[in-house]
Amino acid sequence: CYMVVTETTGVVDTSGASKQALVFTENSIFALQEAGIRLELVMVASGFGCTGPLAAVRVDDSVYFWDRRGPHVYRYGSVEPIYLGIERAVRDIPGSTLASIIAVHHFPRRQVWFCVIEGAVTDAAGGGLNAIYKYDYLRKLWTRDSASPRAAASLGYLSIGTIQASPQAYL
């Protein structure tokens, strides 16, 4: 028996947290798990999904992702909304922009950055980065920064995932 997941919007390796990967669609989350010598795809959440292929990032035992309603966190089999305090800003983001959101773990600051992009980030002259929504996951606080051309260029060329160096190296 095979399960076909069409229109996958993102995949996040959670091997640091468990022996599985999360597979996102627009309205479901599946876990790709080891079952002896086989891999099984098991639905772990319905009604939640990821807006684009770079809109999810793993932080320790959690996966932060941008759903069509805003940012959420998947942790130990459950999904929790984390957009409280930025609901209006989230509602104002055009639907056409949602697929280009980029999630980055900024390890030194203990933050997850959701970068909202309209257009392509192509050069230091500005690209299309509109805003960075920064979530401090230790304090559960949001800040929003308007993106500078330098920030757009840095995010456009850095390896998406986790920022390990000092924050000054990027902004």
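Cys-50 counts as buried because its relative accessibility is 2%, and Cys-115, at 1%, is likewise counted as buried, where buried denotes under 20% relative accessible area with a 1.4 Å probe and protein chains only. The structure is a predicted model, in which local features require a pLDDT of at least 70 and side-chain atom pairs a pLDDT of 80 or more, while totals for chains, interfaces and linings use all residues. Residues are numbered from 1 along each chain as its sequence is written, and side-chain values rest on heavy atoms, with hydrogens and water left out. Across the whole structure, 0 disulfides were found, a disulfide being a pair of cysteine sulfur atoms within 2.5 Å.

The largest nonpolar core (buried Ala, Val, Leu, Ile, Met, Phe, Trp, Tyr and Cys residues joined through side-chain atoms within 4.5 Å) comprises 33 residues, and Tyr-64, Phe-65 and Trp-66 are among those with the most contacts inside it. Strands S2 (20–24), S6 (62–67) and S10 (111–117) are among those that each supply at least two residues of this core, strands being DSSP runs (E) of at least two residues, numbered from the N terminus. The largest share, 4 residues, comes from S6. Beyond its neighbours within four places in sequence, Tyr-64 is in contact (heavy atoms within 4.5 Å) with residues including Val-57, His-72, Phe-114 and Tyr-135. A second, separate core of 6 residues includes Cys-115 together with Ile-102, Trp-113 and Ile-132.

The chain averages a pLDDT of 77, pLDDT being the predictor's confidence in each residue, from 0 to 100. Values stay under 50 over residues 120–126 and over residues 156–160. Where pLDDT is low, the predicted coordinates should not be read in detail.

Notes
Buried means under 20% relative accessible area, exposed over 50%, partly exposed in between (1.4 Å probe, protein chains only).
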